[in-house]
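Colleague: Please take a close look at a single part of this model, one strand and its partners, and explain the part to a first-year student. Please then set that part within the rest of the chain.

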Amino acid sequence: EFEDVCEQTGVTLSRYCIELANRGIIDEDLSSIFNSIREAAKVISKLVNTAPLKQAELLGLQGEINVQGEDQKKLDVITNDVFKNALRYTGKMGTLASEEEDEPVDGARLWEGPDGSRFPLRSLQTPGNTFASSTPLDGSSNVDAGIPVGTIFGVFQEPDPAECELPDDLSKGLSEDQQRCLAGTLQPGKSLVAAGYVLYSASTELVLTFGQGVVGFTLDSSIGEFVMTRPSIKIPARGKIYSCNQGNINEWDQPMRDYIEAIRKGEGESKKPYSLRYIGSMVGDIHRTLLYGGIFAYPADKKNQDGKLRLLYEGAPMSFIMEQAGGKAITGHSRVLDIPPVGVHQRVPVILGSAEDVDEQGPETAPES
Ligand code: AHG
């Protein structure tokens, strides 16, 4: 009977996770976390789709400014609650670092990082906790116009204490439990055990990796399930599309300007002129880059020396996905996944996409095997 069901529905995300757990590829905790992410994604998809019909409730500004000085949209706040609560009730979460979370949620105390970011410090009862980072509604400045937006997430497991010494300036004054909590949250992207994004667009697409390739699912709203539509996503080795906010070109450094000018004019290595495509929603721009190939960049500029995108919950998860699909992700100087975060809301320049395009732009940064 179960097989009959699968024949009718295709491989659902639930079935995929159960089968990976049965084969020992992911553990029960991770499977449970993904159940929650799946449910949260369905709710957020519904909210985004119906927002124009419930303008007063769902669209416009919340009237609050988040820790990074950005106006929060009503949907930023609502989707953050949806995502946070879905994860919290798994009972598996150590800490959730979120773009929208500048105050403690379930922790008694507050840790303040060198970049001014704060996050809750919980007393961890048992080892083996899971740590997650997320942007619940990325690209939310687009949402009032019905332009695609997304959710990005990354999942870490609690590191072996022997392998994660915090620098003195970060661990000062913290108890052992608090240090564990902090070390669990501030892990480099190369320690991610899973990452993914959900794109709310003409269809709702959920793309994920458990570190063994990249798989894509599409929400079938008639049955309320994510169904596998792309069993193995591989980014083309080279593309012909570039994606960046070219309005900032005068703020970029000379090598970045020269590179963009060259590919635009067909004077790059491929000798073909590239097309520009830019939504201004990282999830949409990366999804297209992953499927069609090419390069996405939010580089450092004169005003923003560290770029705009956040390391823990934007740069690192997307870089993990990109590398797992055969692409590359660099800051312009080094591999994004190697950077150890020192703050929850730390920013990072990001240049990612097809391996040959990224190599042409920056130094060779082969992923570690
Ligand atoms: P926001 O969530 O405030 O709309 O920011 C979106 C992010 C990211 O999704 C996108 O790649 C980038 O900011 C776009 O920034 P610019 O508008 O500066 O191009």
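Modeller: The account below starts with one strand and then moves outward to other parts of the chain.

Residues are numbered from 1 along each chain as its sequence is written. The model is predicted, so local features need pLDDT of at least 70 and side-chain atom pairs count only at pLDDT 80 or more, whereas totals for chains, interfaces and linings use all residues.

The strand chosen is β10, residues 214–220. Helices (H or I, at least four residues) and strands (E, at least two) are DSSP runs, numbered from the N terminus. Of the 7 residues in β10, 5 are buried, and the strand is thus mostly covered. A residue is buried if 20 or more other C-beta atoms lie within 10 Å of its own, exposed if 12 or fewer, and partly exposed in between, with C-beta atoms placed from the backbone.

Strand β10 pairs with β9, residues 204–209, in the antiparallel sense over 5 bridges. Two strands pair if DSSP finds at least two bridges between them. One bridge can be located exactly: L206 has F217 in β10 as its partner. A hairpin is formed by β9 and β10, with 4 residues between the strands, and in its turn G211 has a positive phi of about 90°.

Strand β10 also pairs with β11, residues 225–230, again in the antiparallel sense and over 5 bridges. Here L219 has F226 in β11 as its bridge partner. A hairpin is formed by β10 and β11 as well, with 4 residues between the strands, and G224 in the turn has a positive phi of about 65°. In a regular strand the side chains alternate between the two faces of the sheet.

A residue of the neighbouring strand shows the surroundings: V207 lies in β9. V207 counts as buried because 24 C-beta neighbours lie inside 10 Å. Apart from neighbours within four places in sequence, V207 is in contact with G196, Y197, V214, G216, I233, H287 and I321 (contact means that the C-beta atoms, placed from the backbone, lie within 7 Å). Between V207 and L352 the separation is 145 residues in sequence and 17 Å in space, C-alpha to C-alpha.

One of the contacts of V207 is I321, and helix α10 spans residues 311–324. In α10, 14 of its 14 residues are buried. After α10 comes G326, with a positive phi near 95°.

Elsewhere in the chain, an open sheet of 5 strands has mixed pairing and the order β13-β12-β14-β16-β15. Strands β13 (275–276) and β15 (328–330) stand at the edges with a single partner strand each, so one side of each has no neighbour in the sheet. The pairing of β15 with β16, residues 350–353, is antiparallel over 3 bridges, and K328 has G353 in β16 as its bridge partner. In the loop between α8 (254–265) and β13 lies K271. K271 has a positive phi near 65° although it is not a glycine, and K271 counts as exposed because it has 9 C-beta neighbours inside 10 Å.

A pair of helices offers a further view. The axes of α2 (residues 13–22) and α3 (residues 28–50) come within 9 Å and cross at roughly 175°. Axes are lines fitted to C-alpha atoms, for helices over the stretch in contact, and angles run from 0 to 180 degrees between N-to-C directions. The crossing makes α2 roughly antiparallel to α3 (under 35 degrees is roughly parallel, over 145 roughly antiparallel, 65 to 115 roughly perpendicular and the rest oblique). Residues L13, C17, I18 and A21 of α2 meet E28, S31, F34 and R38 of α3. The residues of this contact are 5 nonpolar, 1 polar and 2 charged. Ala, Val, Leu, Ile, Met, Phe, Trp, Tyr, Cys and Pro count as nonpolar, Asp, Glu, Lys and Arg as charged, and the others, Gly among them, as polar.

For the chain as a whole, there are 11 helices and 16 strands. Of its 369 residues, 47% count as buried. Among contacts between residues at least 6 apart in sequence, 68% join residues at least 24 apart.

Conventions
Contact = placed C-beta atoms within 7 Å.
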